[in-house]
Amino acid sequence: AQKAAAIDELTGMMNLKSFRKAIAEQLNTMDENEAGILIMIDGDNFKSINDNYGHMIGDEVIKLSAQMIVGRIRTVDLASRLHGDEFAIFVSKTGDYSVAKRIMEDINSTIAVEARKRNLPVITMSAGAVIARRTDNYTALSKIADDALYKAKESHNGGFASA
(Lines give C-alpha, C1' and ligand atoms only; values in the text may rest on other atoms or scores of the structure.)
Protein backbone atom coordinates (compact mmCIF):
# COMPACT_ATOMS: atom_id res chain seq x y z
CA ALA A 1 0.00 0.00 0.00
CA GLN A 2 2.88 2.36 0.80
CA LYS A 3 4.51 1.64 -2.56
CA ALA A 4 1.22 2.22 -4.39
CA ALA A 5 0.80 5.55 -2.59
CA ALA A 6 4.26 6.69 -3.78
CA ILE A 7 3.85 5.83 -7.47
CA ASP A 8 1.97 7.56 -10.28
CA GLU A 9 -0.53 4.99 -11.53
CA LEU A 10 -0.34 5.88 -15.23
CA THR A 11 3.44 6.04 -15.64
CA GLY A 12 4.91 4.02 -12.79
CA MET A 13 7.09 7.02 -11.90
CA MET A 14 7.37 8.59 -8.45
CA ASN A 15 4.44 10.85 -7.65
CA LEU A 16 4.88 14.40 -6.37
CA LYS A 17 4.69 13.45 -2.69
CA SER A 18 7.38 10.76 -2.92
CA PHE A 19 9.53 12.96 -5.20
CA ARG A 20 9.48 15.85 -2.72
CA LYS A 21 10.44 13.46 0.08
CA ALA A 22 13.27 11.90 -1.94
CA ILE A 23 14.68 15.31 -2.89
CA ALA A 24 14.60 16.42 0.75
CA GLU A 25 16.58 13.29 1.64
CA GLN A 26 19.08 13.95 -1.18
CA LEU A 27 19.55 17.57 -0.14
CA ASN A 28 20.09 16.56 3.49
CA THR A 29 22.81 14.06 2.59
CA MET A 30 24.72 16.34 0.20
CA ASP A 31 28.18 17.58 1.10
CA GLU A 32 28.61 21.35 1.38
CA ASN A 33 30.38 21.53 -2.00
CA GLU A 34 27.97 19.19 -3.76
CA ALA A 35 25.17 20.24 -6.11
CA GLY A 36 22.31 18.76 -8.04
CA ILE A 37 19.93 20.14 -10.63
CA LEU A 38 16.14 20.22 -10.41
CA ILE A 39 14.51 20.21 -13.85
CA MET A 40 10.82 21.05 -14.20
CA ILE A 41 9.37 19.70 -17.47
CA ASP A 42 6.13 20.43 -19.31
CA GLY A 43 4.73 19.06 -22.56
CA ASP A 44 4.41 21.63 -25.33
CA ASN A 45 0.95 21.97 -26.87
CA PHE A 46 -0.23 18.84 -25.07
CA LYS A 47 -3.83 20.07 -24.85
CA SER A 48 -4.08 19.86 -28.64
CA ILE A 49 -3.22 16.14 -28.49
CA ASN A 50 -6.12 15.47 -26.13
CA ASP A 51 -8.41 17.72 -28.18
CA ASN A 52 -7.47 16.21 -31.56
CA TYR A 53 -6.78 12.57 -30.70
CA GLY A 54 -8.64 11.95 -27.42
CA HIS A 55 -7.55 11.24 -23.88
CA MET A 56 -6.57 7.62 -24.53
CA ILE A 57 -3.94 8.75 -27.03
CA GLY A 58 -2.98 11.57 -24.66
CA ASP A 59 -2.35 8.97 -21.96
CA GLU A 60 -0.18 6.97 -24.38
CA VAL A 61 1.87 10.10 -25.12
CA ILE A 62 2.29 10.71 -21.37
CA LYS A 63 3.42 7.10 -20.85
CA LEU A 64 5.87 7.40 -23.75
CA SER A 65 7.21 10.67 -22.33
CA ALA A 66 7.70 9.02 -18.94
CA GLN A 67 9.55 6.08 -20.50
CA MET A 68 11.88 8.39 -22.39
CA ILE A 69 12.56 10.47 -19.26
CA VAL A 70 13.36 7.45 -17.09
CA GLY A 71 15.46 5.94 -19.87
CA ARG A 72 17.66 9.05 -20.17
CA ILE A 73 18.74 9.44 -16.55
CA ARG A 74 21.08 7.52 -14.26
CA THR A 75 19.85 5.23 -11.51
CA VAL A 76 21.07 7.76 -8.90
CA ASP A 77 18.83 10.47 -10.38
CA LEU A 78 15.13 10.92 -9.58
CA ALA A 79 12.18 11.33 -11.93
CA SER A 80 8.53 12.08 -11.23
CA ARG A 81 5.25 12.76 -12.95
CA LEU A 82 3.92 15.75 -11.07
CA HIS A 83 0.48 15.84 -12.75
CA GLY A 84 -0.96 15.98 -16.25
CA ASP A 85 1.88 16.41 -18.72
CA GLU A 86 4.23 17.87 -16.10
CA PHE A 87 7.30 15.97 -14.96
CA ALA A 88 10.43 16.66 -12.95
CA ILE A 89 13.94 15.27 -12.74
CA PHE A 90 16.56 15.67 -10.02
CA VAL A 91 20.04 15.14 -11.45
CA SER A 92 22.46 14.25 -8.66
CA LYS A 93 26.09 15.25 -8.24
CA THR A 94 26.31 18.03 -10.83
CA GLY A 95 25.93 21.78 -10.98
CA ASP A 96 26.49 21.94 -14.74
CA TYR A 97 23.45 23.17 -16.66
CA SER A 98 24.85 21.68 -19.88
CA VAL A 99 24.23 18.22 -18.37
CA ALA A 100 20.55 19.08 -17.82
CA LYS A 101 20.26 20.58 -21.29
CA ARG A 102 21.77 17.45 -22.90
CA ILE A 103 19.34 15.24 -20.96
CA MET A 104 16.41 17.29 -22.27
CA GLU A 105 17.72 17.27 -25.85
CA ASP A 106 18.06 13.49 -25.62
CA ILE A 107 14.54 13.13 -24.20
CA ASN A 108 13.06 15.25 -27.00
CA SER A 109 14.90 13.44 -29.79
CA THR A 110 13.98 9.99 -28.48
CA ILE A 111 10.33 10.95 -27.94
CA ALA A 112 10.15 12.04 -31.59
CA VAL A 113 11.66 8.77 -32.86
CA GLU A 114 9.58 6.53 -30.59
CA ALA A 115 6.31 8.41 -31.20
CA ARG A 116 6.70 7.89 -34.95
CA LYS A 117 7.45 4.18 -34.44
CA ARG A 118 4.30 3.83 -32.32
CA ASN A 119 2.09 5.98 -34.58
CA LEU A 120 1.59 8.53 -31.82
CA PRO A 121 1.59 12.30 -32.17
CA VAL A 122 5.02 13.80 -31.53
CA ILE A 123 5.37 16.05 -28.50
CA THR A 124 8.25 18.16 -27.31
CA MET A 125 9.05 18.83 -23.69
CA SER A 126 10.22 22.25 -22.47
CA ALA A 127 12.24 22.49 -19.29
CA GLY A 128 13.44 24.92 -16.65
CA ALA A 129 16.35 24.07 -14.37
CA VAL A 130 17.90 25.31 -11.14
CA ILE A 131 21.02 24.26 -9.27
CA ALA A 132 20.26 22.76 -5.87
CA ARG A 133 22.51 22.81 -2.82
CA ARG A 134 22.33 21.30 0.65
CA THR A 135 20.68 24.34 2.26
CA ASP A 136 17.87 24.55 -0.34
CA ASN A 137 14.36 23.17 -0.07
CA TYR A 138 12.04 21.71 -2.69
CA THR A 139 9.41 24.46 -2.54
CA ALA A 140 11.88 27.27 -3.24
CA LEU A 141 13.74 25.25 -5.89
CA SER A 142 10.55 24.26 -7.71
CA LYS A 143 9.40 27.89 -7.85
CA ILE A 144 12.71 29.01 -9.39
CA ALA A 145 12.76 26.09 -11.85
CA ASP A 146 9.12 26.73 -12.73
CA ASP A 147 9.90 30.39 -13.51
CA ALA A 148 12.69 29.21 -15.83
CA LEU A 149 10.26 26.74 -17.40
CA TYR A 150 7.88 29.57 -18.33
CA LYS A 151 10.74 31.26 -20.19
CA ALA A 152 11.57 27.99 -21.96
CA LYS A 153 7.94 27.48 -23.01
CA GLU A 154 7.87 30.73 -24.98
CA SER A 155 9.06 28.81 -28.04
CA HIS A 156 6.66 25.85 -27.50
CA ASN A 157 9.13 23.48 -29.12
CA GLY A 158 11.36 21.88 -26.52
CA GLY A 159 12.96 24.99 -25.08
CA PHE A 160 15.37 24.93 -22.16
CA ALA A 161 16.10 27.70 -19.67
CA SER A 162 18.22 27.78 -16.55
CA ALA A 163 17.67 29.95 -13.51
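Which residue in strand 4 is the bridge partner of Ile37? In this predicted model, that partner turns out to be Ile131. The pair belongs to a longer match-up: strand 1, covering residues 36-43, lines up with strand 4 in the antiparallel sense, and eight bridges link the two.

Strand 4 itself runs over residues 125-132, and it's mostly tucked away, with seven of its eight residues buried. A quick reminder about strands helps here: when a strand is regular, its side chains alternate between the two faces of the sheet.

Strand 1 isn't the end of the story for strand 4. Strand 4 also pairs with strand 5 (residues 160-162), this time in the parallel sense and over three bridges. Here Ala127 has Phe160 of strand 5 as its bridge partner. Add helix 6, which spans residues 138-152, and strand 4, the helix and strand 5 together make up a β-α-β unit that is left-handed.

Now for a spot away from these strands' pairings. Asp8 sits in the loop between helix 1 (2-6) and helix 2 (16-29). Is Asp8 buried or exposed there? Asp8 counts as buried because its relative accessibility is 14%, and the cut-off for buried is under 20%. The Asp8 side chain makes a polar contact with the side chain of Thr11, at 2.6 Å. Once neighbours within four places in sequence are set aside, Asp8 is still in contact with Met13, Met14, Asn15 and Arg81.

Note on methods:
Residues numbered from 1 in each chain as written. Predicted model: local features only at pLDDT ≥ 70, side-chain atom pairs only at ≥ 80, totals over all residues. Heavy atoms only, no water. Buried < 20%, exposed > 50% of the residue type's maximum accessible area, 1.4 Å probe, protein only. Helix = DSSP H or I, 4+ residues; strand = E, 2+ residues; numbered from the N terminus. Pairing = 2+ DSSP bridges. Right-handed = clockwise from strand over helix to strand, strands pointing away. Polar contact = N/O pair within 3.5 Å; in protein donor to acceptor, adjacent residues only side chain to side chain. Contact = heavy atoms within 4.5 Å.
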